[in-house]
Each structure stands twice: as C-alpha cells, then as structure tokens.
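Grab a pencil and work through these short exercises with the model open beside you. Each one has a task, then a solution in steps.

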Amino acid sequence: MTRIPTKPEILDWITANPTLTSKRDISKAFGIKGAARIDLKRLLKELEAEGHLEKRKKTYSDPDRLPPVSVLLVTAPDNNGDLFAKPMEWQGTGVEPVVLLITRASDPALGEGDRILARLTQVKADDHHYEGRLIRRIGTNPKRILGVYRARSEGGRILPIDKGGDKEWIVGAGATGGAKDGELVEAELAGPKGRMGLPLARIVDRLGDPSAPKAVSLIAIHQHAIPDAFPDDVVAEADAHSPKELGNRVDLRDMPLVTIDPSDARDHDDACFAQADDNPDNEGGHIVWVAIADVAAYVTPGSALDREARNRGNSTYFPDRVVPMLPDRLSGDLCSLHEGVPRACIAVKMTLDAQGQKIAHEFVRGLMRSPASLHYEEVQAAIDGSPNERTEPVLEPVLQPLYAAYAALVEARQLRQPLELNLPERQIVLGDDGAVQSVNFKDRLDAHKLIEEFMVLANVAAAETLIAKKSPLLFRVHEEPSQDKLNALRETVMAAGLTLAKGQVLQTAHLNRLLAQAADTDDEELINITTLRSMTQAYYSPQNFGHFGLALRSYAHFTSPIRRYADLIVHRALVTAHGWGDDGLSPADIDNLEKTGTHISDTERRSMVAERDTTDRYLAAYLSERVGEEFTGRINGIAKFGMFVKLDESGADGLVPIRSLGNEFFHFDRDAGTLMGADTGITYQIGQTVTAKLTEAAPVTGGVALELLTVEGAEVPRGNRMSPAGRSPRRKATNHKRKSDKIKRKVKRTRP
C-alpha cells in the first residue's frame, strides 16, 4: 500500500525544493502512484484552504517565502558564535523564517539589534531556512574611495584616483586588509580625521594591479564622474519605505504576469501576460498586459531619492557591476517584481487585432504578484519543446499565449518597417578573478524579440495616452538622418554596387531594402555599420519629433523606471493624468522638462562612453597575452593618421598607424573615407577584409595597435613613400641631415 506523506512532510518538501512544486513533482518525490494521487490531491487542497499553500497554475508554493532581497533584524549569536537574523517585514502565517548570516572578511562587525539589507538564498537545514549575505547595514552609508595604496612603516596612505576628492587617506596598521604597496584598493571612512587633518580609512577590497581587469570598471566610474555612492539622506529615505498594500489599486495578484530577463538579472521591472481575446468582434485578436514596477509610488517629486535619481539620470552597466539609479532597497527589492511577492505596479491592457494592430488600451495602477521569474534561454527552450521544472507549469497557460500574441506583432512590425540593422552584439564573459574569460556573440532569441515588441507597444500606449490627455511628458526622439550623412551613405552604397532610393523622403523601408540587398554578401557588415553611423543620436525632449528608427509618430519610455529617470517622469504623468494620487508630476517637474530632457540625454551619453571605454580596456587586457599573433578583421574606420580594424574574434577595435603602411605617401579623402597610396595606388576603405598582427595591447588605456599584413587576401604593398612633389618629407629631412653632418665634419677638420 502506498504511504501518503503527512502535511508537515509536504510543506518541508516544498520549502526545500521551490522549483519542484507541481502535483506531479510531489507525487514523484514520495512515490505516490495510481489511486493514491487522489489522497494527495485532497491533502494539497486542505493545505491550500488552511493558507499554508497557494496554487499557481498547477504549481504549489509557500506564500510565506521571503523575497531574494530583504530587510533583516540581527539577533544574538548562538553558542557557536554563528550570527542569525529574522525578517523585519514578516507577514506570513507559518513559522517565522530564520536566516543564517554568511559574513565576509570585508563586512563590518554586526551585532544584535542591527538592521541590515541582505541577499537571501533558500536552503534546507535544521536550524535555519535561508542564508543571507550582507548588502549593507540599514541607515549607514560610509563614504568610499578608490585609490592606490602606498605602504608606510605602520599602515599607509591611499592616493585617490578621483581628482575631486581628498588628497590622501590615512590607513592604520590594522586596517590595511593585507594590501600591498602599489595596489588599487577600495576603502571606506573608518573614523574622524587623524594626523595632518587627513581622514582615517579602512581598506575593504583589494583590486590588485591598477591595470588589471578587476579594476577596469571602477576606473571608468571615477574617470567619467559617475556617482556610485548614495548620500546618507537618500539611503535613509529608501530604507524608510515599506511594501505598498492594495488600497485603491486594482488587484492583479491572480493574473500570471511573468518576468523574462537575462539569467543573471537582479532586478525585474517589467512583467507580461497575454490571452486570446474572447470578444466575437475581434476574432483572432489578443489581449496583452504589460506591468511595470510603480517606482513613482516610492520616488516622489522633490524628495532626496528624486534629486539623486535625476542627478544620475540612469543606471550604468559594466561587465562586472552595475551603478544603479536607485538604492538597492528599491532597485533590488521593493521596486523589483520578484517571484511570489506582492509588488506595486502600473499596468497597461492592450487589445490587438488578428494582424497585431493595437486597437485599444487602458492603464491601471495595481498590485501584482508574479508566479515566475524566468530567463530568456529557458523560455525559448520551453517553446522549442524542452521545458524544465520552472517553465512546464506555465508553458500552456502563459508562454504559448505570449508567443501567439508576439506572432501577430511580428506581422504588424513587418507592415510598419522599423529599421532592421544586423549587427550582432558581443558579450564579455568574466571569470571569478575578473579577467575576460571569453568574448561571445549574444544570442538573439525570439524570447528577446518578444519582450522588446511588448515593451515598444507599451511605450507607444503611454505616449498616446498622455498626448490624448494633453499631459506634459518627455518623448524619446529619434530624428531623420541629415542630408550630409545620407550623401556619405549613398557614396558607400554606390561603391559596393548597391542602390539607395534618392529624390524622395527617406523612410526606414528604403533602408531595409538596402540592408536586404547587402545580406549574405561581403559588404553586409560594411552597409550595416555605415547605415548605423548615418543615424542621428536619440534624445529626450518635451517636444514630439517622432522616432525615425522605430517608424513611430509618438514614442515615450515607460517600461524601465528602475534604471531610467525619463520613465519615472512618464509614470508621474500617467498618475496625474488618471488622478491616481498626489505623487504625480509636480509643477517643478513640468517647468524643468526641457532641462531634465537635456540633462538625462547627457547622462545617457556619459554612461555609454564609460561602458565603451570599459569594454575597450577589458578587450585590451584579454589580448595583452597574445601580442605577435595574427588576426582577421575588417576596416571599420578611416582617418588621416591611419585606420581602425575590428577584429573578428573579439570585436576589439585596433589602430593601424599610417606610418606602418609602407614607404609611400597616402592621400586621405575625408568625403570618400579612403586612404590611397601615391606610389602603389592601393586604396583602403571601410569594409575591406584584412589580416593584421597585434603589436600592442594596453589594458590601462584600452589601446590596441595593429600592423596590416593583407587586405582582401593580397599582401600589403610597400611603396617608396614618395610625396606628390616627387620626394617624401622624410627623405628630404634625411638628406638635409646628411648635408648638415657633412658640413659639420668639414668645419671640424678645418678648425685649428
């Protein structure tokens, strides 16, 4: 006879195996077969009725599970000296979870009564339910600096790399953290000023060689003056917030709004759900919901959080870290749509017809609870026929309807014809030591495209709603290319033997036809790169000039308020336009829209440059061990002083100095973007395939130097370096020096 587990045994199993919680998983775990499954179903229903479990589309889960980032209260250590904590916001009905704190050498000393923000991992143990790792102590935000450590007889000093900071910090003998002279270190303020009025510091992290990969992003942060430490009042304000309750919000907690993000994502600011429209007047249509974290409910106009978020403008992303726009209490916790916990949101319900055209939409301010936090690869695998234990319960009721709605949106996209560039994005993969492990192409799955299309649709809905309600807002503007850039593009297109429509108003459809002509040819990358370079840079503005690249008349950013201030402004505008509360657009917000748009456009560009510089340094460090090796690539830039080559393997951009091209004079044609040898007649231009030898890779600067070996399969010729006048400046200078030396020798012989 099959033994039926007890209720405590079932609860223990679900707690220990949060990803294996369907009835089938539980049956398999306890060896329940046949008619005994009826008894198991009865027990599960009783546990659900008693409030111990909640059913989420064939999956049972513990409603009392803590979010992955939580505020904890540190309790007294046990007899073994282990430190435990309990949740500050526990509202469950079961046993209060116990958290074992896993401390690191760099963590500050914690004691009973301390409130901390910690990242949690659920475990199966006798005396605790979670392991927690400290993010920081609540209410404390010690000042930190990055600098080079200089050892002294007792302790040492830190020379900050930030020119605007203190000149030096003193480090006591017991606060060096084992740092060695010349190492790059991160330190925090450890006490009042010491000798000579200099502040006392404690080293919290050793980053080693300042030119090492682990230091790269930190250097970029300081070089580009990206704020990376939150002021104390900002941290205190974030810590004072607690989760929002239902109140006047629309209850969306039973709607299976899933988040789909990269596998390493720590925050989730968007969720989606779709279903077939049952309205007989919209046969074949779809209902799509997009829910976005309600950051406006926490970051109100004029608050310390608001001032700092506007100052930062956006989050900045590096291969090894993120500099967030909002403190982690918000970005990683209260404003993140974590699985299984109620979260405030602003959601839009959009009705699509069978061809993917949006025929209606409406916004609500709600409270949601995501049943699953999924990543792109597992979602795509599920749709392709290989679901795992996380995606199988939501495959039929959630994922398949999402892809059905996406298929309709693809049809509408093809009709709209947004710009379809084909420029694969490279991803730098770091090892545990911070060094570049590999450089890969990012996969472009349908799961990525699905989320992109849903977000574009929601952004359009936000812009259209606010225009209809005559509300001020910040548009995302992308203007048409300038005539000069189009002329340069046409020259490149003609040289490649292709055509681009002329004498009519340029549309993205014309560019897409050009890109289609170039597809699968040797000129594909050249045409894609040149088309991209012909585009203007997008920006934020209260005036609506449309979005050329997306082929949209009205577009605003609504879907990422955790990481973009522009989206927060749009959220506030929606709050005011719908009369949802007093946390909408303030008079100061409206008066400063123009200035805010300019400022956050600038901070966006600052982040882009810092991210690009960091990528260059990582790639230079990756290549530094391979100096002397040969690589294939393509010319992707021409200048008076040489050319730039993008290497196929890593995507690194290397400079080929003009002096290394041979003994001849080169004519630089700025308009045509070419270098032509006066002696050999060889012409270098963007898009040519080359082989080059790596001659230098400098991690500190990110510089990569190359020597050209072949172009389009032929060996690079070496000319006589003759100028148009007949003799090179170098040869003239050499002959002049020879004459001068001859005169000097003659003078020397004739001296008495």
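**Exercise 1. Work out whether F666 is buried or exposed.**

Keep in mind that this is a predicted model.

- Step 1: Look up the relative accessible area of F666, which is 7%.
- Step 2: Hold that against the cut-off, since buried means under 20%.
- Result: F666 is buried, because its relative accessible area is 7%.

**Exercise 2. Classify the ring pair made by F666 and Y684.**

- Step 1: Take the distance: the ring centres are 6.0 Å apart.
- Step 2: Take the angle between the planes, 40 degrees.
- Step 3: Apply the limits: planes under 30 degrees apart count as stacked and over 60 as edge-to-face, with the rest tilted.
- Result: the planes of F666 and Y684 sit at 40 degrees, so the pair is tilted.
- Step 4: Place the residues. F666 belongs to strand β29 and Y684 to strand β31, so many as 18 residues apart, and the pair links distant parts of the chain.
- Step 5: Check the partner's cover: Y684 has 0% relative accessibility and counts as buried.

**Exercise 3. Lay out the sheet that holds β29 and β31.**

- Step 1: Write down the order, β29-β30-β31, for an open sheet of 3 strands with antiparallel pairing.
- Step 2: Mark the edges. β29 (666–669) and β31 (683–685) are the edge strands, each pairing on one side only.
- Step 3: Add the twist, which averages 20 degrees from one strand to the next.
- Step 4: Zoom in on β29 and β30 (residues 674–677), an antiparallel pair with 4 bridges.
- Step 5: Pick out a bridge: H667 has M676 in β30 as its partner.

**Exercise 4. Now classify the aromatic pair of Y403 and Y406.**

- Step 1: A search of the whole structure turns up 4 aromatic pairs. One of them joins Y403 and Y406, at 6.5 Å centre to centre and 80 degrees between the planes.
- Step 2: Use the limit again: over 60 degrees counts as edge-to-face.
- Result: the Y403 and Y406 pair is edge-to-face.
- Step 3: Find them in the chain. Both lie in helix α9 (residues 392–416), 3 residues apart, or about one turn of the helix.
- Step 4: Check burial. Y403 is buried at 13% relative accessibility, and Y406 is buried at 9%.

**Exercise 5. Say how many disulfides the structure holds, and where C335 and C345 stand on burial.**

- Step 1: The count of disulfides is 0.
- Step 2: C335 is buried, with a relative accessible area of 2%.
- Step 3: C345 is buried too, at 0%.

Key. Residues numbered from 1 in each chain as written. Predicted model: local features only at pLDDT ≥ 70, side-chain atom pairs only at ≥ 80, totals over all residues. Heavy atoms only, no water. Disulfide = S-S within 2.5 Å. Buried < 20%, exposed > 50% of the residue type's maximum accessible area, 1.4 Å probe, protein only. Pairing = 2+ DSSP bridges. Helix = DSSP H or I, 4+ residues; strand = E, 2+ residues; numbered from the N terminus. Axes fitted to C-alpha atoms, helices over the stretch in contact; angles between N-to-C directions.
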